[in-house]
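Me: Please examine the side-chain contacts in the structure shown below, and give the reasoning behind each answer.

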Amino acid sequence: MSSTFGALIAFCVNVNKTEVSGVSAPVYIVFIVIMCFAMIMPLLLIVDPKDVIRDDGCHIAIFKEPNMKDEIAGVLAVMTDPKIVILLPAMRTKGLLGAASMGIVTLAATGGILGWVIQNDVNRNNASPGVDWRDSAFAAGFILYLIFGIVYACFQITVQWTLGSLTNDPVLCALSSGAFKGTVSFGMCIPFTIDSQNVSYRDQIIIQLVLYVVGLASLFYVIAVYVTETNYFTKANVIVPASVEEKAVILGAVPTEAIEHEKEKERMANKGAKHVTAGVNHVTV
């Protein structure tokens, strides 16, 4: 939504211009105001995770008070986790089918923009073609632009789904999200660095295509090897939902001790406990 509003702002400011003049100062000012507003909103909307309760009346996990030492150790643990390291190239798609579908669209869109650049002779050594929205060259470029907007969102969503599928622990999910956003931000710096070295647009797109292939390969590997049906009953501080617990009991997938352990964790969560010992069993439900 934010990208759509940003594009609309830029379009409204430049719709009647007849020459290429870049992004105007008012557009940047509007963006800065929106970002400042976005920094304030979390202070009003974020809820303490200790207060989050599922529909079945259970807490989601037991949380301990964070401190700087634990946070740094957690970040280091996440960034050295083999699963996360393998996913790094893909951080720049529910399962292998979703990843395959997204991969096909991504590679096709990248190939399309490469063809568009070559066909319209978009060269950094020449003056900008300054394509207007009424020109014949606009339609193909506009469609590719829309597809890349979809790719940009869906690729990241799929990587985030994969990260979320690796653990049910909210703390680890938060650390993984931080690693994801940091890596994405770092990755976005690379194109600007490459462009500053006067690399041709064609070669830049080829580099992007290669990175997409590497990222998709790493994504497929992590989904195929590390993503399981469920991580419940395997995490020390995560409280299993009542529905999953009932299903496990019916299937005889967990011993009675595991169920009692989950009830104890819920009691500790109600008391605001800061720590719980590891679970007693592993299960796939």
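Reply: A residue is called buried under 20% relative accessible area, exposed over 50%, and partly exposed in between. The model is predicted.

Me: Is Asp203 buried, exposed or partly exposed?

Reply: The relative accessibility of Asp203 is 31%. Because partly exposed covers the range between under 20% and over 50%, Asp203 counts as partly exposed.

Me: Which residue meets Asp203 in a salt bridge?

Reply: A salt bridge requires a side-chain nitrogen of Lys or Arg within 4 Å of a carboxyl oxygen of Asp or Glu. Here the N to O distance is 3.6 Å, and the partner of Asp203 is Arg202.

Me: How many residues apart are Asp195 and Arg124, whose side chains meet in a salt bridge?

Reply: The side chains of Asp195 and Arg124 meet at 2.9 Å, N to O. Asp195 belongs to helix H7 (residues 170-196), while Arg124 lies in the loop between helix H5 (96-119) and H6. The pair thus links distant parts of the chain, and its separation is 71 residues.

Me: Is the aromatic pair of Phe138 and Phe142 stacked or edge-to-face?

Reply: Both residues lie in helix H6 (residues 138-165), four residues apart. Their ring centres are 5.2 Å apart, with 20° between the planes. Because planes under 30 degrees apart count as stacked, the pair of Phe138 and Phe142 is stacked.

Me: What is the relative accessible area of Phe138?

Reply: Phe142, its partner in the aromatic pair, is partly exposed at 38% relative accessibility. Phe138 is also partly exposed, and its relative accessible area is 26%.

Technical notes: Residues numbered from 1 in each chain as written. Predicted model: local features only at pLDDT ≥ 70, side-chain atom pairs only at ≥ 80, totals over all residues. Heavy atoms only, no water. Phe/Tyr/Trp six-rings, centres within 6.5 Å; stacked < 30°, edge-to-face > 60°. Helix = DSSP H or I, 4+ residues; strand = E, 2+ residues; numbered from the N terminus. Buried < 20%, exposed > 50% of the residue type's maximum accessible area, 1.4 Å probe, protein only.
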